[in-house]
Amino acid sequence: MKMHLDAPREPRPRRRDLHANLVEHAYADSATLARALAAAVACDLRDAILTRGLGLLAVSGGSTPRRFLAELGRQRLDWARVVVTLADERWVTPDDPRSNARLLRETLFSGAAAAARFEPLFEPAFDATAALPRIARRLEALPLPFDAVVLGMGNDGHTASLFPGGDTLEQALDPLGRARVLALHAPAAPEPRITLTLPTLLATTALYLHIEGAEKRNVLARALDAQTRNADMPIRAVINCAGEPLRMYWAP
Ligand SMILES: O=C1O[C@H](COP(=O)(O)O)[C@@H](O)[C@H](O)[C@H]1O
């Protein structure tokens, strides 16, 4: 397994293997976690810029990553050489408070990182399904693998917008599936979603899971239970299928 450095001068995290393919980095609080995760992702991007001239990053939305995204935007990086997309998007307009693109505008892209190129998972269209071909064309042009993918997780075990009960979940979880991105409707999701598929999320050099709080830790433990199926809690499919151990960043 590869070693990597956490943020310089920060207290060392508690680090332990929770599963053959899941390494936990536990921090004392959310602010320390955000700095450490931002420093780790910035290292991945700088390395990629040196190696191949650009850094390719996918980040998640929702409520958890706000502080991390703001920290990441403050990292010293040649942002003009970075391409950013989302792991998933809610089917709302880009100025809606639930838009993950809006979250990025308010955090990651509020300073120097605005020089990065952003590939949104949104196109003006009648609905998510109608927008999909245009979004997919843009995503297919990205030079995968990603250099870093940062996932979140909901309390039902969804990650990106791979929701239990989603109408296209089986296709989205197919490790050999060809689609990079799909539209998905799920009973638990308040609006239709656009999500990167499992093989797309796993096409990355570094794969992170950012979760906070005791409840999400318990959700993760349930996902790893022998009785759980990938389709019940899709985060399980990510952990089991990732080519490199998933780096879980957690704080209480
Ligand atoms: O809807 C979503 O939920 C998950 C988890 O969000 P959180 O608010 O519980 O942190 C997120 O990872 C995903 O990107 C988002 O669209």
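**Exercise 1. Which residues does Leu 57 touch, not counting residues up to four places away in sequence?**

Solution. Leu 57 touches Val 41, Leu 45, Val 82, Val 84, Phe 146, Asp 147 and Ala 148. Contact means that the C-beta atoms, placed from the backbone, lie within 7 Å. A note on the basis: this is a predicted model, where local features need pLDDT of at least 70, side-chain atom pairs count only at pLDDT 80 or more, and totals for chains, interfaces and linings use all residues. Numbering starts from 1 along each chain as its sequence is written.

**Exercise 2. How many residues has the largest nonpolar core, and which helix gives the largest share?**

Solution. Start with the term. A nonpolar core is a set of buried Ala, Val, Leu, Ile, Met, Phe, Trp, Tyr and Cys residues joined through C-beta atoms within 7 Å. Buried means 20 or more other C-beta atoms within 10 Å of the residue's own; exposed means 12 or fewer, and partly exposed lies in between. Now count. The largest core has 78 residues. Leu 57 is among those with the most contacts inside it, as are Leu 37, Val 41, Val 149, Leu 151 and Tyr 208. Helix H1 (residues 30-52) supplies the largest share, 10 residues. Helices (H or I, at least four residues) and strands (E, at least two) are DSSP runs, numbered from the N terminus.

**Exercise 3. Is Ala 221 buried or exposed?**

Solution. First, place the residue: Ala 221 is in helix H7 (residues 214-223). Next, count: 12 other C-beta atoms lie within 10 Å, so Ala 221 is exposed. Finally, Leu 18 is 203 residues apart from Ala 221 in sequence, but their C-alpha atoms are 9.2 Å apart.

**Exercise 4. How do E1 and E2 pair?**

Solution. Strand E1 (residues 14-19) and strand E2 (residues 22-26) pair in the antiparallel sense over 5 bridges. Pairing requires at least two bridges found by DSSP. Arg 15 has His 25 in E2 as its bridge partner. The two strands form a hairpin, with 2 residues between them. Of the 6 residues of E1, the number buried is 0, so E1 lies largely in the open.

**Exercise 5. Which strands stand at the edges of the open sheet of 3 strands?**

Solution. Read the order: E5-E9-E8, with antiparallel pairing. Strand E5 (88-90) and strand E8 (181-184) stand at the edges. Each has a single partner strand, so one side of each is left without a neighbour in the sheet. Check one pair: 3 bridges join E5 to strand E9 (residues 193-196). Glu 89 has Ile 194 in E9 as its bridge partner.

Terms used
Two residues are in contact if their C-beta atoms, placed from the backbone, lie within 7 Å.
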